[in-house]
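Here is a set of exercises to work through with the model open in your viewer. Try each task before reading its solution.

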Amino acid sequence: MLRMENVTKTYQLRRQPVTGLDQATLEIDKGDFVSLVGPSGSGKSTLLLMLGGMLSPTSGRVLLDGHSLYERSANERARLRQRYIGFVFQTFNLVPYLTAIENVQVPLYLGRVPRAEQRDRAAAMLERVGLANRLDHKPTELSVGQQQRVALARMLANDPAVILADEPTGNLDPETAAQVIGFLEEFNAEGRTIVMVTHDPRAAQRAKRVIRLVEGRLKDDGGSDVLPAAAKRGVA
Amino acid sequence: MSLGTLVWRELLERKAQMLTVAFGIILGITTLIAIRTISFYSEKAVARELDSLGANVLVLPKSVSLQDYYAADMHDEVIPEEYVMRLTMSDLQGVDNLSPKLCVPVTIDERRYSLTGILPKSEFQAKAAWAGAGIFSRPIGCGAIDVGEPALEDDKKSLVRKRVIKDLAADEVLVGADVAARQGLKEGDSLTLLDKAFTVVAVLPETGTVDDSRFFAHLHTVQELAGTGEVVNCIEIVGCCKEIAAGLVEGVNTLLPDAKVVTVKQVVDTQITLNRLMERLSQIFLAIIVLVGGAGIANAISANVTERKREIGTLMALGAESGLIQRIFLSKALLLGLVGGVGGYALGTILAVTLGPKLAGVPVLPMPSLVLWALAVSVGVALAASFIPAWRASRLDPVATFRET
């Protein structure tokens with residue numbers, strides 16, 4: 001489903017080259033649930049953004065369903081994201097001036113779903129995450145846990161095959177975090193592929209595979225007793 | 001959800017910012033509309049005043065000087081009346097009125113006056129209409145435009161201002177103010193000139209010119225009484241000043257090579273200078289408002305882009321293409337431009353109508369045609385000023401929406 005081939009990303013920071021990702025090769029199968037762990041600045045978000053077609057590598061290839069993402073234009077990648085990928089952000093990134101239901105309608109609008117259909121589908125998504133009674137509330141009128149659930153509903157709106165979650169539990173209390181991970185497991189059980197960046201060992205443990213990043217390099221944590229995840233395949 | 005919802009909700013979310021920008025655009029357009037409306041009406045008022053000074057182009061026989069014409073208004077030199085038809089049937093641009101004249105001396109009670117033959121406009125206009133061509137077959141948009149005054153077209157007294165009258169019968173005569181006073185003539189009186197009986201159809205208002213000492217009769221009657229044949233002493237032309245500057249005189253010269261064509265330079269120059277001044281003033285204000293207003297809008301939209309970076313990145317992550325991001329900001333600019341254009345037109349018109357008469361001393365009326373102009377300027381400036389910030393937004397690095405861990 002997702003593949004990285006010898007991907008390197010270097011930045012210029014104060015005229016000094018900084019390596020964000022170093023010769024990363026990785027394969028994530030359809031229906032997999034992968035946790036990306038590692039210290040701050042290790043390149044986890046860089047890798048996630050590259051998988052989402054939002055950050056071009058300095059070298060190497062990133063493939064989604066066999067299509068090389070960065071051989072396409074930015075707009076073509078946007079269309080692929082809209083069709084196949086759902087993002088979940090640590091800070092939820094809800095549009096502040098739109099209500100919960102309108103936020104969920106945004107990806108439907110981008111997917112050219114007729115307006116009449118948008119509201120019904122968005123309401124169904126919010127109902128699924130337990131927010132049927134919060135449709136017309138703006139983000140500031142919701143708790144952080146509710147905001148993250150709106151973000152999950154928005155992510156689900158276009159029925160994505162791949163979910164890329166960047167610290168989805170980072171701002172949540174343990175109870176709400178467990179609830180969000182529960183939703184992600186549920187989505188994974190439906191056959192969606194999930195890649196989740198996390199600092200939270202308990203959240204990471206719930207994934208099928210754990211991949212550690214250290215200074216931009218991928219490490220196989222398959223046999224580690226700290227993160228006893230099942231993953232041993234696909235890690236370079 | 002639609003583009004409109006996204007734009008409108010954001011505008012409502014930042015009401016103060018929106019109102020500040022809209023207010024700025026409204027103020028700019030208000031200034032432009034007020035200046036343009038007042039200057040339009042003051043230009044027309046000046047044109048009307050200058051028109052009342054009389055003809056601004058004279059067609060004279062070659063040997064006659066302008067001085068001769070003004071000094072005595074009578075000379076023996078003549079040009080063929082046929083020149084009138086030549087002018088009427090030509091494709092010359094900018095001729096408002098034509099008035100051929102033939103002056104012959106008459107004596108009443110041992111006092112010498114001028115009997116001036118004039119050709120009513122209806123006669124040569126009708127001939128041109130039969131031919132389906134000529135200078136009166138198209139509307140003329142220059143010169144005297146009355147503001148809120150009834151038209152004097154059918155009034156015989158309009159001769160003193162318009163230089164022509166519409167109709168005049170063979171036995172009718174118009175009397176200058178001086179002549180009427182000295183001879184005790186009034187409307188409806190009868191008198192005999194060159195052995196022909198005439199009826200006074202109007203006493204002309206005082207003009208302070210040689211016209212006050214004239215009798216005006218039909219040109220063909222005067223030609224017949226004086227036995228001159230089909231000739232005139234001069235043809236007065238009331239031409240559009242802009243067209244005179246653009247070559248009307250040269251056109252008449254080419255058409256009538258055997259006549260002398262002179263302009264009443266001061267009249268023409270005054271109006272040309274004034275029109276140019278108004279135009280320049282309007283252009284300078286337009287330039288200032290476009291620059292200052294444009295910079296203000298660009299700054300506001302630019303700040304809006306910076307403020308909404310995270311939102312833009314989120315939309316991109318959700319699959320928004322660069323075109324949509326641009327449209328979000330350009331639609332906002334379009335909306336502000338529309339509000340600014342309509343509001344500015346309304347406010348500018350109110351300002352012009354209320355303050356115009358006090359400032360410029362002329363009656364000012366609303367000019368509905370300026371709505372489109374106001375909208376074009378405000379929307380054009382808003383869109384042009386927002387283009388670069390919108391383009392920058394569409395090229396933002398969406399990575400900024402993620403926190404590097």
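**Exercise 1: A helix pair in chain A**

Met125(A), Leu126(A) and Arg128(A) in α4(A) meet Val150(A), Ala153(A) and Leu156(A) in α5(A). Bear in mind that this is a predicted model.

Task: Sort the residues in the contact of α4(A) with α5(A) by class, then work out how the two helices are oriented to each other.

Solution.
- Step 1. The contact of α4(A) with α5(A) holds five nonpolar residues, no polar ones and one charged residue.
- Step 2. Now turn to the axes: α4 (residues 115-128) and α5 (residues 144-156) of chain A pack at an angle of about 130°, and their axes are 9 Å apart.
- Step 3. Angles over 145 degrees count as roughly antiparallel and those from 65 to 115 as roughly perpendicular, with oblique covering the rest apart from angles under 35. The helices α4(A) and α5(A) are therefore oblique to each other.
- Step 4. To finish, the crossing of α4(A) and α5(A) is right-handed.

**Exercise 2: Positive phi in chain A**

Task: Phe92(A) has a positive phi; find its value, and decide whether the residue is buried or exposed. Then do likewise for Arg112(A).

Solution.
- Step 1. Recall the background: most residues other than glycine have a negative phi.
- Step 2. For Phe92(A), phi is near 70°, a positive value in a residue that is not glycine. Phe92(A) sits in the loop between β6 (85-88) and α3 (100-110) of chain A.
- Step 3. Count its neighbours: 22 other C-beta atoms lie within 10 Å of Phe92(A), so this residue is buried. The cut-off for buried is 20 or more.
- Step 4. For Arg112(A), phi is near 60°, again positive in a residue other than glycine. Arg112(A) belongs to the loop between α3 and α4 of chain A.
- Step 5. Arg112(A) has 7 C-beta neighbours inside 10 Å, so it counts as exposed. Here the cut-off is 12 or fewer.

**Exercise 3: The surroundings of α1(A)**

Task: How many residues of helix α1 (residues 44-51) of chain A are buried? What phi does Gly53(A) take?

Solution.
- Step 1. Go along the helix: the buried residues in α1(A) include Lys44(A), Ser45(A) and Thr46(A). Leu47(A), Leu48(A), Leu49(A), Met50(A) and Leu51(A) are buried as well.
- Step 2. That makes eight of the eight residues, so α1(A) is largely enclosed by the rest of the structure.
- Step 3. Just after α1(A), Gly53(A) takes a positive phi of about 75°.

**Exercise 4: Ser68(A)**

Task: Is Ser68(A) buried or exposed? With which residues is it in contact, leaving aside neighbours within four places in sequence?

Solution.
- Step 1. Locate Ser68(A) in strand β5 (residues 67-68) of chain A.
- Step 2. With 12 other C-beta atoms within 10 Å, Ser68(A) is exposed.
- Step 3. Beyond its neighbours within four places in sequence, Ser68(A) is in contact with Arg61(A) and Leu63(A).
- Step 4. Add a C-alpha distance: Ser68(A) and Met4(A), 64 residues apart along the chain, are separated by 9.6 Å.

**Exercise 5: Where chain B touches chain A**

Task: Which element of chain B gives the most to the side that touches chain A?

Solution.
- Step 1. Start with the totals: 22 residues of chain B are in contact with 33 residues of chain A.
- Step 2. On the chain B side, the elements that give two or more residues are α1 (3-13) and α11 (309-317) of chain B.
- Step 3. α11(B) gives the most, with five residues.
- Step 4. By class, that side of chain B has eight nonpolar, six polar and eight charged residues.

Notes:
Residues are numbered from 1 along each chain as its sequence is written. Chains are lettered from A and ligands numbered from 1 in the order in which they are written. This is a predicted model: local features need pLDDT of at least 70, side-chain atom pairs count only at pLDDT 80 or more; totals for chains, interfaces and linings use all residues. Two residues are in contact if their C-beta atoms, placed from the backbone, lie within 7 Å. Helices (H or I, at least four residues) and strands (E, at least two) are DSSP runs, numbered from the N terminus. Ala, Val, Leu, Ile, Met, Phe, Trp, Tyr, Cys and Pro count as nonpolar, Asp, Glu, Lys and Arg as charged, and the others, Gly among them, as polar. Axes are lines fitted to C-alpha atoms, for helices over the stretch in contact, and angles run from 0 to 180 degrees between N-to-C directions. A crossing is left-handed if the near helix is turned anticlockwise from the far one by less than a right angle, and right-handed if clockwise.
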